[in-house]
Protein chains: 4
Amino acid sequence: MRKDGIQTAVAGVSGYAGMELARLLLHHPALQGRPPVFVGRDAGAVRLTDMHPQLADNNGSSGLLVEPFSWELLKKRGVELLFLATPHEQSRSWAPEALAHGLRVVDLSGAWRLRVHEHRAIYGFHDEDAAVAERVQTGSVYGLPELHRKCIRTAQLVANPGCYATSIILALKPLLAASWVDLDRGIICDSKSGVSGAGKAPTATTHFMYAADNLSAYAVFGHRHMGEMLEQLNLKESQMIFTPHLLPIPRGILSTTYVTFREKKDTAEVDELFREFYASSPLVRIFGHLPQIQHSVRTNYCDIGFKLAKDGRRCIVVSCLDNLLKGAAGQAVENMNLMCGWDEAEGLA
Amino acid sequence: MRKDGIQTAVAGVSGYAGMELARLLLHHPALQGRPPVFVGRDAGAVRLTDMHPQLADNNGSSGLLVEPFSWELLKKRGVELLFLATPHEQSRSWAPEALAHGLRVVDLSGAWRLRVHEHRAIYGFHDEDAAVAERVQTGSVYGLPELHRKCIRTAQLVANPGCYATSIILALKPLLAASWVDLDRGIICDSKSGVSGAGKAPTATTHFMYAADNLSAYAVFGHRHMGEMLEQLNLKESQMIFTPHLLPIPRGILSTTYVTFREKKDTAEVDELFREFYASSPLVRIFGHLPQIQHSVRTNYCDIGFKLAKDGRRCIVVSCLDNLLKGAAGQAVENMNLMCGWDEAEGLA
Amino acid sequence: MRKDGIQTAVAGVSGYAGMELARLLLHHPALQGRPPVFVGRDAGAVRLTDMHPQLADNNGSSGLLVEPFSWELLKKRGVELLFLATPHEQSRSWAPEALAHGLRVVDLSGAWRLRVHEHRAIYGFHDEDAAVAERVQTGSVYGLPELHRKCIRTAQLVANPGCYATSIILALKPLLAASWVDLDRGIICDSKSGVSGAGKAPTATTHFMYAADNLSAYAVFGHRHMGEMLEQLNLKESQMIFTPHLLPIPRGILSTTYVTFREKKDTAEVDELFREFYASSPLVRIFGHLPQIQHSVRTNYCDIGFKLAKDGRRCIVVSCLDNLLKGAAGQAVENMNLMCGWDEAEGLA
Amino acid sequence: MRKDGIQTAVAGVSGYAGMELARLLLHHPALQGRPPVFVGRDAGAVRLTDMHPQLADNNGSSGLLVEPFSWELLKKRGVELLFLATPHEQSRSWAPEALAHGLRVVDLSGAWRLRVHEHRAIYGFHDEDAAVAERVQTGSVYGLPELHRKCIRTAQLVANPGCYATSIILALKPLLAASWVDLDRGIICDSKSGVSGAGKAPTATTHFMYAADNLSAYAVFGHRHMGEMLEQLNLKESQMIFTPHLLPIPRGILSTTYVTFREKKDTAEVDELFREFYASSPLVRIFGHLPQIQHSVRTNYCDIGFKLAKDGRRCIVVSCLDNLLKGAAGQAVENMNLMCGWDEAEGLA
């Protein structure tokens, strides 16, 4: 992979994650002078800065267009890596086509994250060639660099993780990998997310009057990020509860995770376990105190802290991230960095 | 009109103003034991508290239904007064029909507020009998009790004022009635409103991500409340500017109004003018300081304060109200009180 | 106790709970014409509506004063029931004095809620006569009507519960009383509260810039409401975890409580258990869905809903209330109603 | 001035503007490898990232300290340019001392912005040598690059403009410079600012409960930014009204400015005037629509748009900026860029 940048494209730039992806790629050191090709489903071209005025500057990005999607266009522009910031149905059909056209793909949707059939069922894909889907799925990598760094480097299709899933998997993995957790006691993940996680479509629950001055639990015992968490953590559904809540803030996730250790530990031991596990992970910050949303938002980090009960067995892990960055666009760029042989945190720290 | 209550009905209870109207009517002292008939456009009946869980109590309101609208139903239930908390197109066709059925009407929409043809044009009514519309319009009263108390008492159709218009007309009327204002200098009304003013339909601008952490001016030189303000204040378009802004709060309006006096006044004179003008208006509070949204919200008052420049001629009037109460449902109940011969503030103070 | 009202007094009306208490008492049907005596620590009298402009009306409450506190004043005004909306140190010294003066007391602070010495230690009371304190404590009643209705009726000193504690005790008590909960599995209470719970003093964490667009866990494994929850639920510290979080909203608490049942139950059984337990509790609403903060705020209810896992053993209970109402002032009035022999929900539903 | 960076120092990094300044300087391309010296009033050194956890990364900034201020320390570290993000009293005494030590200074406070004695009086400086103060004042430059770019390049002391003042001066200057505005009609500036503008000290008005869900006008006819606006725009107090309001958002200013032209203009003419005036200003964006706070926040731009009445004479200019960036830290860096001979927008676009 060349050090002098590659040609990227972004499909789905109109959404929140797509906008953050555009911002990150436009400022990425390895991509200077090679802005992404932006493609969308509109019939005609639209100025990127008409769509997102905050991206305007006086140095030319205002000249960038979002053009009608076609494989021909991508080919003509020499696109090598395609980001899909599209709905999962769209990603489900476009990713195999992109691979067939020789493109590498980072897909931000839930379309290709899941190996277990029952977990996939919740997305309800229709009208597809099952054999093709299975083959593509098998060839994909779950794009959580802290767990799958090595495979991501050579992957053709990277399935970027869900935002909730990122916050919870990163909080639990070190403890589970060390076999410290008493799984019979059950793990509770109580998560809270800002409204951008619900997408840009105006709906009853994204209305300001619904979300503001409110808090509500939703998708209790039925959120579709559950599948990827179980798969990545090797847990059974009976061993973990995940409850998402809708916070009255634009962005940010805080997950409060409750575990019981099989044996008594002290604070220094837990701290060391986390720090060692993430020693070579540039985008995880281990804090000596509990992280807060305001310190993670608008960064590409996942922040982790914990507190141990006096009994040394009950432990509360708090993890925070920006759902649009480490939970979406930032992680997608992190995956690009790995796929291109660049520093994992290039353009992100 | 009897002292022992009347039978009311509410059409359009699903919206924000309709919900507040339901709440006020259910708690109104003169209507105890005679809850409103709630009607909507759904084919079947819906429980009121399924629509608005916050209205549930353990004393029976949970048994109330929102029933499919029909004139027969209203007749059967003995409805005497109909509140229309419906879109203006709906109110434009239902109000004449209601009058024909012998009902008195308080309409919360903009359908019947305007006398001047050009002001009405902005609402773009179609497919209506112009002669009927003209006759109904002529028989209606603009429902701002502080100005038209006497006419409201006997009106068959009361056109409840717009929320912005209420805040601005009440701020300006005493000064204009006293001929204090130098109209050649122009009047500036810079208004800011919470999101509920934009209605319950999920749209791009009511999305939490658009409204939160933001402020935006909109409908500059073209808001449809302009017409009723000009008519009620006897002003020409060239004499007044009205600029609405969308605030990142659920409810409340603050209007900052700038006038220049023809002659020098002192603070005591201005204060006295306001206090005298509203001496018999129970739902206007004149403050010695500038009012704030937080003190007006969830009350049925319009709060008014002012500050005079050292020159004694430039004056800033700040007026606040809850757009769903004094700006909509509260004022509708105030009009009902007058129409029924009750105390103007019954159930509102 | 007479049906024609009693003379109340409120100490500490400047705070958020004190303000809500003033509002409730001024509108209470049994206290019409007998407004509370408001007392504070200022040297001179202050107008109540200068302190809280939102309480102003045109019918006289603007004439009410907050007067310098003295036992003589309370005696002179014939006060029979004193509400202490004061800091716990203040309540700790005033409550015994009030009892000695023959007053009945509802204390909204944490001063008198706790029987167990270690639970009390966290409040660190100093310079007090231990024997007197013990005697007063013993004579007090924990003012959660749903549990102690009968004792409250005749109590001289009612210790109004903490806001978090109310939401959690009411969520858990029916399940624990029925011995359904497997205590070996541990109970997790993940609570989220609006900023008013932190009081009116401007501090680093009540600053808008800290609280807005943020979420943070605090007092983890060390919140002082833990004691009253353990006492009222007969639990050991090892059986329950309570984690409070600071929400970026003015008011409202939502507690997400996780329990595991000893035996499989179905939804109807759980629903029936809750409904029966609270059948005669007018200020608890059992919802068929999960409650949200926006539906509880500005009501005097505690709303409860639940969701059962497919295994019929893991259950999530969500409870919501307004921390200033059912979590403070509303519950204080509820206690007054019981102490006076009135309907429990008088002036509250 | 060397292209290879200079040694900077920042006093007052604990505040909001100081934090943003730290962030900008740490990422500034010309300062790589030469982080600022951070100094404060604490007796001992504090880690920068303990003060501002969001500044932590895995590349070393966590090792940075905020050290006790002394001129010796600054000298020892070879500081050439000192940013004062300190209260105005502090800046008033430190700036002359810094100049005497041969340092160049960018002061973010209001201490050195004003030439007219009456405008300065509002800051009430005491115990100072009037002759020294006068001399320093005379040697200072008002640091608004769009107006004083040339003088800033060689200035020893740059007085960074106020946040409100920046938004209003930039909105009005092109129109006033072209003599288009009818000054007899008066100019109205209705401004709205987020809470960070009020500083980090916890006060009654920065309490979340005061600011949230609220809007309030303050300092009406008496805000201290008025002086710098009048001076920079060559206006008399009688020709302009400035009314600030406190918005319930963390950051961002929107100013709605009302002017009347002496002669009829069309939209194209106004647009051209603005675009020409700011043709060589990289940090002003002229929009074809009205700007919003959400598009300016977290950028270093001032965004300007306008709307003309049909009469071609009444014009509403809306200007937006981030009060901590173009209104404070961003503009301070812009001034540093000019003082060092770098591109004006280096590290800012």
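**Who touches whom? Three exercises**

In this predicted model, 18 residues of domain 1 of chain A are in contact with 18 residues of domain 2 of chain A.

**Exercise 1.** Work out where domain 1 and domain 2 of chain A sit in the sequence, and what domain 1 brings to their contact.

*Solution.* Start with the bounds: domain 1 of chain A covers 8-160 + 328-339, while domain 2 covers 163-321. Next, check the spacing: their C-alpha centres are 25 Å apart. Now look for helices on the domain 1 side: H7 (145-154) and H13 (329-339) of chain A each supply at least two residues. H13(A) has the largest share, with three residues. Finally, sort that side by class: you get nine nonpolar, five polar and four charged residues.

**Exercise 2.** Describe the side of chain C that touches chain A.

*Solution.* First, the count: 32 residues of chain C are in contact with 32 residues of chain A. Then find the elements of chain C that give two or more residues: they are strands E9 (187-193), E10 (216-217), E11 (240-246), E12 (253-260) and E15 (314-321), along with helix H12 (293-296). Last, sort the chain C side: 17 residues are nonpolar, eight polar and seven charged.

**Exercise 3.** Find which element of chain B gives the most to the side that touches chain A.

*Solution.* Begin with the count again: 14 residues of chain B are in contact with 14 residues of chain A. On the chain B side, helix H9 (residues 208-211) gives the most, with three residues. To round off, split the chain B side by class: nine nonpolar, four polar and one charged.

How values were computed:
Residues numbered from 1 in each chain as written. Chains lettered and ligands numbered in written order. Predicted model: local features only at pLDDT ≥ 70, side-chain atom pairs only at ≥ 80, totals over all residues. Contact = placed C-beta atoms within 7 Å. Helix = DSSP H or I, 4+ residues; strand = E, 2+ residues; numbered from the N terminus. Nonpolar A, V, L, I, M, F, W, Y, C, P; charged D, E, K, R; others polar. Domains from an automatic or database assignment.
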